[in-house]
Amino acid sequence: MSTALQALVAPDHDRRTALRRFLEVRGVVGQFQRPHVETQLLADDGVRLAATYLPGPVWDAPAVVLLHGFGAHRRKPSYAYLADALSLGCHVLTLDLRGHGRSGGACTLGDRERLDADAAVRWMRAYGHRWVALVGFSMGGTAALHALHKGIDADAAVVVSTPAWLRSTHRTPAMRFLDEVWRSPLKRAAMRVSTGIRVVAPERWQAPPHPAEAAARIDRPLLVVHGEDDHFFGPEDGDAIATAAEATLWREPPGFGHAEDGLRPAFVGALTESLAAAYRHGHFPPRDEVAR
């Protein structure tokens, strides 16, 4: 692990109380440690998106677009830490997906978020970056796969803790709970008031292809990361996406958990190294070829 990465203050996942988690979702705590500038994006359907750009160490470095998971935002401590760490070797654009943080619109559970990913990649291209990768977590991974399926101008992608099937919502207690919230107008309203997260109603959701179906049509380098102890989507989801896309698969051991829970220094260092390898060689390395 680099000295610069060690110098960054990583979130203490093991000591996050319920109050701390609530404050993180509301954006009361969380900020970037590295130099950055705020910007705005405009998706093709008119939704305005809040974003932050963190320049990399040299101009000829890979560029990365970060897509967070459901219930998060770009300044949430784990994602801010990831953006800071990646900016040690990459140019980073991290954004609040629609319905989250300071962005407009309503969350569509990874469907129209592909337009958010497209707006971010177009911003990076306009800024002059010649190689751009998507890095998506959970719902952000779904958005990345849908965007690639639709022909987004990205060169590679990493999807972490991403579901293979969107309409199988009752396989884990965590997903059963979220499905109940989503289907109840009262609970959706309570979530909007308490967390600020806005989600489309089920009757307005245009069920997109399953992520595994989208992955089967992707012809760019893809890295699939999935924890053995993911409590939202089991490891079989990661296996299915990787098999469909003939992608590189990292099966992370127990302790990795789901999405942002796995953003600890050792993994973030390995992810940074893998992106550099994909930039240089055109493919992602196996897990045993990068430092743990």
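**A tour from V65 to the largest pocket**

Select V65 first: leaving aside its neighbours within four places in sequence, V65 is in contact with L93, L95, A120, V121, M124, V132, A133, L134 and V135. The model on screen is a predicted one.

Next, widen the selection to the largest nonpolar core, which has 52 residues. V65 is among the members that touch the most other members, together with L41, L95, L134 and L222. Now colour helix α4, residues 113-127; the largest share of this core, 7 residues, comes from α4. Then pick L5, Y81, A156 and A278, which are included in a second, separate core of 38 residues. In soluble globular proteins, nonpolar side chains tend to be buried together.

Move on to the largest pocket, which holds about 1,100 Å³ of space. Select F70, G71, M175, L178 and F232: of the 41 residues lining this pocket, these lie nearest its centre. The elements that give two or more residues to the lining are α2 (18-26), α5 (139-149), α6 (173-183) and α7 (185-195). Which element gives the largest share of the lining? It is α6, with 8 residues. By type, the lining residues divide into 22 nonpolar, 9 polar and 10 charged.

Stay with α6 and show A174, M175, D179, V181 and W182, which are buried. They lie on the same side of α6 because they cover an arc of only 160° around the axis. On the other side of α6, look for P173 and F177, which are exposed. Finally, add α7 to the view: the buried residues of α6 pack against α7.

Methods:
Residues are numbered from 1 along each chain as its sequence is written. This is a predicted model: local features need pLDDT of at least 70, side-chain atom pairs count only at pLDDT 80 or more; totals for chains, interfaces and linings use all residues. Side-chain values use heavy atoms; hydrogens and water are left out. On a 1 Å grid over the protein atoms alone, a cavity is a set of points where a 1.4 Å probe fits but cannot get out, and a pocket is an open set with protein on both sides within 12 Å along at least five of seven lines; lining residues have an atom within 4 Å of a point. Grid points are joined across faces, edges and corners, and a volume is the space filled by probe spheres set on the points. Helices (H or I, at least four residues) and strands (E, at least two) are DSSP runs, numbered from the N terminus. Ala, Val, Leu, Ile, Met, Phe, Trp, Tyr, Cys and Pro count as nonpolar, Asp, Glu, Lys and Arg as charged, and the others, Gly among them, as polar. A nonpolar core is a set of buried Ala, Val, Leu, Ile, Met, Phe, Trp, Tyr and Cys residues joined through side-chain atoms within 4.5 Å. Buried means under 20% relative accessible area, exposed over 50%, partly exposed in between (1.4 Å probe, protein chains only). Contact means heavy atoms within 4.5 Å. The arc is that of the directions from the helix axis to the C-beta atoms.
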